[in-house]
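Open the model in your viewer and set it to cartoon. Keep the selection box ready. We will go stop by stop.

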Amino acid sequence: MEQNSREQKGNIWALLPIATFLIIFLGSGIITGDFYAMPAIVAFLISLAVGLLQNRKLKFDQKVAAMAKGVGDSNIITMCLVFLCAGAFSGVVSAAGGVESTVNFGLSVIPPRFAVAGLMVISCFISLSMGTSVGTITALAPIAVGISEKTDFSVALCLGAVVCGAMFGDNLSMISDTTIAAVKTQGCEMKDKFRENFIIVLPAAIISVVIFFLLTLGGEYAVNSDLSYNLLQVLPYLLVLIGAIVGLNVFIVLLGGTAVSVIVGIATGKIEPGGIFGAVGDGVVSMYDITVISVIVACLLALVRQNGGIDFILNVIRKRIKTSKGAELGIAGLSLLVDCCTANNTVAIVISGPIAKEISSDFGVSNRRSASLLDIFSSVGQGLIPYGAQLLTAAGVAQISAFEIMPYLYYPVLMGISALLFILFKKQVTAK
């Protein structure tokens, strides 16, 4: 009984590996002034070693088995495969001239002063259609870098607009893993969750677009090269967008886009037949770092979960709930903290969903509200943490630090503020 009680309360020391990562990764950047001084993968490996040294009651083989189970989670495997497929598409479409033509086409149609705000709008649309923020960032980040190179707008600002739009769709899309997980764990209809969610996040999205517009309004910019483009080279992006809109599976969309990019590259003379595999390989290799990091993080968090770290967080939040609004705040904090610990918003929802369901039932919070809050605040965390796949992917494309992008992540911050205002001031419709 005593051991069972301890497991339910959790163990604060189980969070030591996560604290170790934050101290090493952030500390080295602060001390050296260069957040690339300590590669994220090295910091995660050190943290993993700390996790393996904990809980001597378990044999090493048992810890390895727990890590293997964590890595084998369908969400982790799917995420890694999306990384690789997105890398293949990005590599081939870039080799085929798609990035350059798309950037030039966009700058030809949209005045440069509207380009950054336009990036966020386009990113919103693509992520809403595809249901994946990482896939959206991978596809649009090279375009953001290209726009930055052809204007005086910083690459961090342009990437910030892409990440903001990507998190909008990740949170709302009907085919997003986070939406599906939130709806299933809370037992509500997807359309009801969408309506509840959309009303909350729309003001944040509109304000974010306006901020990007104002930041670039009247700014100094100069397009110092010709803006020639070939619409055939833009075709792969258009097909990926259309495929996403009609609801095709993200793998079909990305693999189909890769195949079309190969055809376009050969037809326009940008890719020699013998260079196809090289282009695909280069793109896939570019995603190795983030894929390996995802695997290591899954191992690390499996140990944290096994040692009671997640249970500790859940128990702390639940003890402080007194009212229905407190319950909503508890669900919000629960989702946010678990996401910061797991660095995966889908996994965070799956972990915290059952507890959130119990909390909402106890305090009369409607299922659609609890589902919405789970999804929103996991996305708030995922859109802000510098060790999450979204920021690491965006930063990796431009070879800058994730911390350089963070000052421009207006949407995740405003989304959280908007949700908090709804919790505090909007009347709650209790569950029947």
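Does Ile 351 count as buried or exposed? Select Ile 351 and show its surface. At 18% relative accessibility, Ile 351 counts as buried, because the cut-off is under 20%. Ile 351 lies in helix H18. Now add Leu 314, which sits 37 residues away along the chain from Ile 351. Their C-alpha atoms are separated by 9.7 Å.

**The whole chain**

Zoom out. This is a predicted model. The protein has 22 helices and 0 strands. Of its 432 residues, 54% are buried. Next, consider contacts between residues at least 6 apart in sequence: 82% of these join residues at least 24 apart.

**Stop 1: H16 and its buried face**

Select residues 309-319, which form helix H16. Colour Gly 309, Ile 310, Ile 313, Leu 314 and Ile 317: these are buried. Now look down the helix axis. The buried residues of H16 fall within an arc of 140 degrees, so they line one face of the helix. The spacing has a general background. An α-helix has 3.6 residues a turn, so residues three or four places apart point the same way.

**Stop 2: Lys 9**

Keep Leu 314 in view and add Lys 9. Lys 9 belongs to helix H1, residues 2-9. How far apart in space are Lys 9 and Leu 314, C-alpha to C-alpha? The distance is 8.4 Å, although 305 residues separate them in sequence. Show the residues that Lys 9 touches: Asp 311, Phe 312 and Asn 315, leaving aside residues up to four places away in sequence. Lys 9 counts as partly exposed, at 48% relative accessibility.

**Stop 3: H18 against H19**

Select residues 345-363 for H18, then residues 367-382 for H19. H18 and H19 pack at an angle of about 145 degrees, and their axes are 10 Å apart. Their crossing is right-handed. On the H18 side, show Asn 345, Ile 349, Ser 352, Gly 353, Ala 356, Lys 357 and Ser 360. On the H19 side, show Asn 367, Ser 370, Leu 374, Asp 375, Ser 378, Ser 379 and Gln 382. Colour this contact by residue type. You get 3 nonpolar, 9 polar and 2 charged residues.

**Stop 4: Gln 186**

Stay with H18 and H19, and add Gln 186. Gln 186 is found in helix H10, residues 177-186. Which residues does Gln 186 touch, not counting those up to four places away in sequence? They are Gly 353, Ala 356, Lys 357, Ser 360, Asn 367, Ser 370, Ala 371 and Leu 374. Pick the C-alpha atoms of Gln 186 and Ser 370: they are separated by 6.9 Å, with the two positions 184 residues apart along the chain. Gln 186 counts as buried, at 0% relative accessibility.

**Stop 5: H19 against H22**

Keep H19 and add helix H22, residues 410-425. The two helices pack at an angle of about 150 degrees, with axes 9 Å apart. H19 is therefore roughly antiparallel to H22. The crossing of H19 past H22 is left-handed. From H19, show Arg 369, Leu 373, Ile 376, Phe 377, Ser 379 and Val 380. They meet Pro 412, Met 415, Gly 416, Ala 419, Leu 420, Phe 422 and Ile 423 in H22. By type, the contact of H19 with H22 has 10 nonpolar, 2 polar and 1 charged residues.

**Stop 6: H3 against H15**

Select residues 40-53 for H3 and residues 288-306 for H15. Their axes come within 9 Å and cross at roughly 25 degrees. H3 and H15 are therefore roughly parallel to each other. H3 passes H15 in a left-handed crossing. In H3, show Ala 40, Ile 41, Phe 44, Leu 45, Ser 47, Leu 48, Gly 51 and Leu 52. In H15, show Val 292, Ile 293, Ile 296, Val 297, Cys 299, Leu 300 and Leu 303. This contact holds 13 nonpolar and 2 polar residues, and no charged ones.

**Stop 7: Asn 55**

Follow the chain to the loop between H3 and H4 (60-71), where Asn 55 lies. Check the backbone torsions. Asn 55 is not a glycine, yet its phi is positive, at about 55 degrees. Most residues other than glycine have a negative phi. Finish with the surface view: Asn 55 is partly exposed, with a relative accessible area of 29%.

Notes: Residues are numbered from 1 along each chain as its sequence is written. This is a predicted model: local features need pLDDT of at least 70, side-chain atom pairs count only at pLDDT 80 or more; totals for chains, interfaces and linings use all residues. Side-chain values use heavy atoms; hydrogens and water are left out. Axes are lines fitted to C-alpha atoms, for helices over the stretch in contact, and angles run from 0 to 180 degrees between N-to-C directions. Helices (H or I, at least four residues) and strands (E, at least two) are DSSP runs, numbered from the N terminus. Angles under 35 degrees count as roughly parallel, over 145 as roughly antiparallel, 65 to 115 as roughly perpendicular and the rest as oblique. A crossing is left-handed if the near helix is turned anticlockwise from the far one by less than a right angle, and right-handed if clockwise. Contact means heavy atoms within 4.5 Å. Ala, Val, Leu, Ile, Met, Phe, Trp, Tyr, Cys and Pro count as nonpolar, Asp, Glu, Lys and Arg as charged, and the others, Gly among them, as polar. Buried means under 20% relative accessible area, exposed over 50%, partly exposed in between (1.4 Å probe, protein chains only). The arc is that of the directions from the helix axis to the C-beta atoms.
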